[in-house]
Amino acid sequence: ARRLNQALKNYASSPYNKFTTGNLKTLKHDPEKLGLNPRQETIDFYKKWYSANLISASVFGSEDIEEMTKKVIDELSKIENRHKAPPSLRQIDLWSSPEFLKQTYFFQTIDEKKQLVIRFTLPSLDYKYQKVSSIVNHILGHEGEGTLFAFLQKNDLAIALSSSIYSYQEGGQRISQCKITLTDAGMNNYLQIIEYFFEYIAMMKAKLPIPESIWQESKDYKAMQFKFMSKNTKTMKLVRDISSALHSPEYQEAPEKIMSLGIEYPQYDQQIKDLIAQHLNYYSIDRATIILNAKSFENMSGFNTSTLPLLNEDIYGSKYQMKPHSEEFISKINKIDSWNPEFDLPKPNNFIPDDFSIIYDEDEDQDLEEVFGPSFSNKESVDFSKVSLKVCEPLFPDDEDSEMSCQNVVANLEAK
């Protein structure tokens, strides 16, 4: 991902086009050719931007809160407050040229993975409504019956699909991307898969407003993740995420929300429905950047990349080629107004738990139907559904992790 992102930064506007890692060429030789002293430039940058009023800090430890607070204040108070206004990227276009968005990039990878990435550049959105973006990605990344992935997998075109959204700065433009891991057949039919993707978008638009049950499902899933965040999240990541979130206006206005890290969803009202409809309009071929990742493109049927110039990215030496979207292809995608009959919005997911109570040994005589629902009232089903728990001696004295594995051989048994 880092190699790919660095190659794409060649076409980004400043400051998005800066490198995040460097080498002797970028950190020494190139600046010296421009008459710059890298050490002095670093010092000047520090003096310009490292100001106490721009700092956020998050501390994790087992010591007393007052003691940790004192240590942090003692250290961070040494940093000068230069009263700098925080930089904003809200009004800066992510890409230096809109033509960047109308390209397919053939990126040579190191591993054997074959992957299609469809990216969209989205405008700034107030932090209060950023869940609008999340719900679209939630639907695109769904794997249930009727979804894009279910169809691609069924037709041996893909083995995995994920959809996500991110931004370089709070309030700036955002990148929404759908990553599809392809089979060999999918690789040779990537243009058809792109059509399927936009057919699915057309279906989503036609079925607006998005049912409230999908909004609630996404909300419940985030709440479940948050409930076990302390057990699943590495300490370093948690501290980093909190310190980063502290720069958001949302938490500056209401710092007591910081530990929830944005799981709150606004009420699903008409304003949210309208914003989702507006948001989906940005998922068009005119705003799409398409990336095909593979170790080699030599054996692709129906297309020969040897006719395209081979480009090299300076820092990692990555090789890639570019091909503009043809007017015929853009017109064909823009005219999509129907979709495969198998496409549908995700069905309700009955497997998002909301009851995490533990049944102890003394409750073994408790009525199973009362605890688990009517599906467990059938004793024959219960006999086939085995739950086992193995408790192991910890490898280290402070290791309190345990693991439970559940296997259910009754296909129609519904989990509550």
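**Aromatic pairs, a mixed sheet and a helix crossing**

Tyr 190 comes out as buried, because its relative accessibility is just 7% (buried means under 20% relative accessible area, exposed over 50% and partly exposed in between, with a 1.4 Å probe and protein chains only). The model here is a predicted one, so local features need pLDDT of at least 70 and side-chain atom pairs count only at pLDDT 80 or more, while totals for chains, interfaces and linings use all residues. Residues are numbered from 1 along each chain as its sequence is written, and side-chain values use heavy atoms, with hydrogens and water left out.

Phe 106 is buried too, since its relative accessibility is 0%. As for aromatic pairs, the count comes to 14 (rings of Phe, Tyr and Trp, the last by its six-membered ring, pair if their centres lie within 6.5 Å; planes under 30 degrees apart are stacked, over 60 edge-to-face and the rest tilted). Phe 106 and Tyr 190 make one such pair, edge-to-face, with 6.3 Å from centre to centre and 90° between the planes. This pair ties together distant parts of the chain, as Phe 106 sits in strand E1 (residues 103-108) and Tyr 190 in helix H8 (residues 190-206), 84 residues apart (helices, H or I of at least four residues, and strands, E of at least two, are DSSP runs numbered from the N terminus). Phe 197 and Phe 198 also pair edge-to-face, at 5.3 Å centre to centre and 85° between the planes. Both Phe 197 and Phe 198 are buried, and they join Phe 120 and Tyr 283 in one aromatic cluster.

Turning to the sheet, seven strands line up as E3-E4-E2-E5-E1-E7-E6 in an open, mixed arrangement (two strands pair if DSSP finds at least two bridges between them). E3 (158-167) and E6 (311-312) are the edge strands with a single partner strand each, so one side of each has no neighbour in the sheet. E2 (residues 115-122) runs antiparallel to E4 (residues 174-182), and eight bridges join the two. Leu 116, for instance, has Ile 180 of E4 as its bridge partner.

Then there are the helices. The axes of H5 (residues 131-140) and H13 (residues 270-280) come within 9 Å and cross at roughly 60° (axes are lines fitted to C-alpha atoms, for helices over the stretch in contact, with angles from 0 to 180 degrees between N-to-C directions). On the H5 side, the contact is made by Val 132, Ser 133, Ile 135 and Val 136, and on the H13 side by Ile 272, Leu 275, Ile 276, His 279 and Leu 280 (contact means heavy atoms within 4.5 Å).
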